[in-house]
Amino acid sequence: MADLVISGSLAERLQDLAQYEQQPVEAILERLLNSYPLVAAIPEDIDDKAGYLAGLRELRPKLYQKARAYWQQVGNSARLALTEAELDEQFWCIDPEGIPRLKVDRGSVQLPPDPLEVFVNLFADSTVDDASTTARETLAAHYQKRHGRPD
């Protein structure tokens with residue numbers, strides 16, 4: 001954890017607000033940061049948080065534009081009326097069929113497995129430890145072991 005020094009009028013404003021709310025300054029800052037869904041949604045294993053946020057800020061308007069075009073096409077005026085801030089909070093993904101999904105859709109939509117994850121799991125039980133082994137040799141060894149033949 002790092003310490004942050006805030007000086008001047010900003011520090012006074014934070015202290016005044018904390019006193020008014022009868023909470024520690026940290027609680028005020030925590031509530032403020034949690035009101036920004038992009039900041040709250042950064043996975044813990046991301047080291048370059050600034051780069052991650054910059055990428056999200058660049059990507060989200062493009063996703064929202066595609067989502068709005070889809071909602072316009074299908075006549076979904078409720079979703080079409082969502083503001084940028086509401087989409088920041090509620091947007092989930094665009095599924096493989098091109099349908100934009102909100103977080104409320106998570107329980108009702110089953111996304112197909114990630115092909116990269118399937119590929120990686122194909123080699124999970126492999127004894128191959130030589131990084132120079134080609135994918136063709138690795139696949140042949142896998143199928144030889146699994147089916148008794150190299151094809």
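Let's start on the outside of this predicted model: glutamate 58 is exposed, with a relative accessible area of 55%. Here, exposed means over 50% relative accessible area, buried means under 20%, and partly exposed is in between (1.4 Å probe, protein chains only). Local features need pLDDT of at least 70 and side-chain atom pairs count only at pLDDT 80 or more, while totals for chains, interfaces and linings use all residues. Residues are numbered from 1 along each chain as its sequence is written, and side-chain values use heavy atoms, leaving out hydrogens and water.

**Salt bridges**

- Searching the whole structure turns up six salt bridges, each one a side-chain nitrogen of Lys or Arg within 4 Å of a carboxyl oxygen of Asp or Glu.
- Glutamate 58 has one of them, with lysine 62, and their closest N and O atoms are 4.0 Å apart.
- These two sit four residues apart in helix H4, so about one helical turn separates them. Helices (H or I, at least four residues) and strands (E, at least two) are DSSP runs, numbered from the N terminus.
- Lysine 62 is partly exposed, at 47% relative accessibility.
- Arginine 68 bridges to glutamate 84, with the closest N and O atoms 2.8 Å apart. That pair ties together distant parts of the chain: arginine 68 is in helix H4 and glutamate 84 in helix H6 (residues 84-90), 16 residues apart.
- Both ends count as partly exposed: arginine 68 has 22% relative accessibility, and glutamate 84 has 40%.
- Aspartate 95 and arginine 101 also meet through their side chains, at 3.0 Å from N to O. Aspartate 95 is buried at 7%, and arginine 101 counts as buried at 17%.

**The aromatic pair**

- Just one aromatic pair comes out of a search of the whole structure. Tyrosine 64 and phenylalanine 91 make it, edge-to-face, with 5.5 Å centre to centre and 70° between the planes.
- For the terms: rings of Phe, Tyr and Trp (its six-membered ring) pair if their centres lie within 6.5 Å, and planes under 30 degrees apart count as stacked, over 60 as edge-to-face and the rest as tilted.
- Tyrosine 64 is buried, with 1% relative accessible area, and phenylalanine 91 is buried too, at 6%.

**A nonpolar patch**

- Leu4, Ile6 and Leu10 form a nonpolar patch on the surface, together offering about 290 Å² of accessible area.
- Leucine 4 lies in the segment before helix H1 (9-21) and counts as exposed, at 69% relative accessibility.
- Patch members have over 30% relative accessible area and no salt bridge; like charges are joined within 9 Å, nonpolar side chains (Val, Leu, Ile, Met, Phe, Trp, Tyr) within 5 Å. Accessible areas come from the Shrake-Rupley method with a 1.4 Å probe, and for residues, only the protein chains shown count as cover.
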